[in-house]
Amino acid sequence: MKSMVTFERVSKVYGEKTNQTAALKDVSFSVNTGEFVAIIGPSGSGKSTFLSMAGLLLSPTSGNVFIENEIITNLKEKDRANLRLQKIGFVFQASNLIPYLTVMDQLLLIGKLSRSRKDTKQKADRLLEKLGLSHRKHHFPSQLSGGEKQRVAIARAWMNDPQIILADEPTASLDSKRGREVVEMLASEIKRKEKAGIIVTHDERVLDLCDRVLMIKDGELQIG
Ligand code: ADP
């Protein structure tokens with residue numbers, strides 16, 4: 001078991017002098033391989049800021065973020081983008097699929113972006129089968145149900161076999177059965193392949209699938 005994402009006294013302040021918001025205050029945190037952590041908290045408490053920071057989409061105002069013991073706070077944007085592509089899989093609330101690409105092409109694009117090997121197509125086929133989407137391969141996002149879109153988003157996040165899975169309200173657009181299925185898929189992949197996972201959620205019905213539940217309030221991390 002090793003630490004995949006570590007925050008060391010991380011703070012984030014948005015805005016300029018007279019109009020500042022402290023979105024995260026002195027947050028220390030770590031998620032290990034094989035561990036699935038839920039972050040809960042009221043709206044505006046800093047959850048998205050936290051997840052964006054763990055996903056290297058945002059830099060801290062102070063403190064340090066480590067990915068597998070490598071300090072990434074001072075990396076150039078290009079290096080951060082590479083690290084993101086290699087190590088991090090995102091599953092967003094609104095699945096964020098590209099409207100004009102078929103299900104298969106959404107997955108192949110990720111393979112191409114990461115300049116990965118020739119087995120991209122087979123990998124995409126396997127993933128779509130595993131997630132029960134083989135019959136939707138040539139469909140566009142507008143032809144899919146909410147649950148199917150979210151499963152495509154998961155398949156896409158799995159394409160590079162990332163060590164870190166970040167999910168932002170992945171059940172928000174789903175009914176409770178489908179929502180639970182989505183989080184079960186995340187949890188089982190995290191356990192089976194020893195990945196590290198963080199989920200931001202309002203959905204209390206899925207918290208039992210997580211190893212730890214942490215609460216953010218006013219930018220401060222507390223034990224939930
Ligand atoms: P949550 O995800 O829990 O709703 P956020 O991380 O989105 O919380 O926001 C935390 C705080 O930071 C809120 O007060 C929000 O208004 C503020 N905030 C978030 N993003 C920005 C931004 N880009 N510029 C200024 N303030 C922001």
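# Exercises on a predicted model

In this predicted model, the count of aromatic pairs comes to three.

## Exercise 1: Rings that meet

Task: Work out what kind of aromatic pair Phe-7 and Phe-50 form, and which parts of the chain the pair ties together.

Solution. Begin with the geometry: the ring centres of Phe-7 and Phe-50 are 4.8 Å apart, and their planes make an angle of 40 degrees. Planes under 30 degrees apart would count as stacked and planes over 60 degrees apart as edge-to-face, so an angle that falls in neither range is called tilted, and tilted is the class of this pair. Next, place the two residues in the chain: Phe-7 belongs to strand 1 (residues 3–14) and Phe-50 to helix 1 (residues 47–54), so the pair ties together parts that are 43 residues apart in sequence. Finally, look at exposure, for which the cut-off for a buried residue is under 20% relative accessible area. Phe-7 has 2% relative accessibility and therefore counts as buried, and Phe-50, at 0%, counts as buried too.

Task: Decide how the rings of Phe-29 and Phe-50 are arranged, and what cluster the ring pairs make.

Solution. The centres of the Phe-29 and Phe-50 rings lie 5.0 Å apart, with 80 degrees between the planes, which gives an edge-to-face pair. Phe-29 sits in strand 2 (residues 21–32) while Phe-50 sits in helix 1, so this pair ties together parts that are 21 residues apart in sequence. Both Phe-29 and Phe-50 are buried. Taking the last step, ring pairs join Phe-7, Phe-29 and Phe-50 into a cluster.

## Exercise 2: Around the ligand

Task: Find which residues surround the ligand, and how the shell around the ligand divides by class.

Solution. First list the shell: the ligand is surrounded by Tyr-14, Thr-21, Ala-23, Pro-42, Ser-43, Gly-44, Ser-45, Gly-46, Lys-47, Ser-48 and Thr-49. Then sort the shell by class, which gives three nonpolar, seven polar and one charged residues.

Task: Describe the polar atoms of Ser-45, Lys-47 and Thr-49 that lie beside oxygen atoms of the ligand, and then state how much of the ligand the protein covers.

Solution. Start with the backbone, where a polar atom of Ser-45 is 3.1 Å from an oxygen atom of the ligand. Continue with the side chains: a polar side-chain atom of Lys-47 is found 2.8 Å from a ligand oxygen, and an N or O atom in the side chain of Thr-49 is 2.6 Å from an oxygen atom of the ligand. As for coverage, the ligand on its own has 560 Å² of accessible area, and the protein covers 58% of this area. Strand 2 and helix 1 are the elements that give two or more residues to the shell, and helix 1 gives the most, with three residues.

## Exercise 3: A helix and its cover

Task: Name the buried residues of helix 3, and say which helices are included in what covers them.

Solution. Helix 3 runs over residues 103–113, and its buried residues are Val-103, Met-104, Gln-106, Leu-107, Leu-108, Ile-110 and Gly-111. The cover over these buried residues includes helix 4 (120–130) and helix 5 (146–158).

## Exercise 4: Single residues

Task: Decide whether Asn-160 is buried or exposed, and find which backbone oxygen its side chain reaches.

Solution. Asn-160 is located in the loop between helix 5 and strand 7 (164–168). Its relative accessible area is 17%, so Asn-160 is buried. The side chain of Asn-160 reaches the backbone oxygen of Leu-85 at 3.0 Å.

Task: Say where Lys-191 is found, and which residues are in contact with it once neighbours within four places in sequence are left aside.

Solution. Lys-191 is part of helix 6 (residues 176–192), and at 39% relative accessibility it counts as partly exposed. With those neighbours left aside, Lys-191 is in contact with Gly-34, Glu-35, Phe-36 and Asp-211. Along the chain, Lys-191 and Phe-36 are 155 residues apart, whereas their C-alpha atoms are separated by 8.2 Å.

Task: Give the phi values of Asn-69 and Asp-218, and place each residue in its loop.

Solution. Asn-69, which is not a glycine, has a positive phi near 70 degrees, and it lies in the loop between strand 4 (62–67) and strand 5 (70–71). Asp-218, also not a glycine, has a positive phi of about 50 degrees, and it is found in the loop between strand 9 (212–217) and strand 10 (220–223). As for exposure, Asn-69 counts as exposed at 63% relative accessibility, and Asp-218 counts as exposed at 59%.

Definitions and conventions:
Residues numbered from 1 in each chain as written. Heavy atoms only, no water. Buried < 20%, exposed > 50% of the residue type's maximum accessible area, 1.4 Å probe, protein only. Helix = DSSP H or I, 4+ residues; strand = E, 2+ residues; numbered from the N terminus. Contact = heavy atoms within 4.5 Å. Phe/Tyr/Trp six-rings, centres within 6.5 Å; stacked < 30°, edge-to-face > 60°. Near = heavy atom within 4 Å. Polar contact = N/O pair within 3.5 Å; in protein donor to acceptor, adjacent residues only side chain to side chain. Areas by Shrake-Rupley, 256 points an atom, 1.4 Å probe, with all protein chains shown as cover. Nonpolar A, V, L, I, M, F, W, Y, C, P; charged D, E, K, R; others polar.
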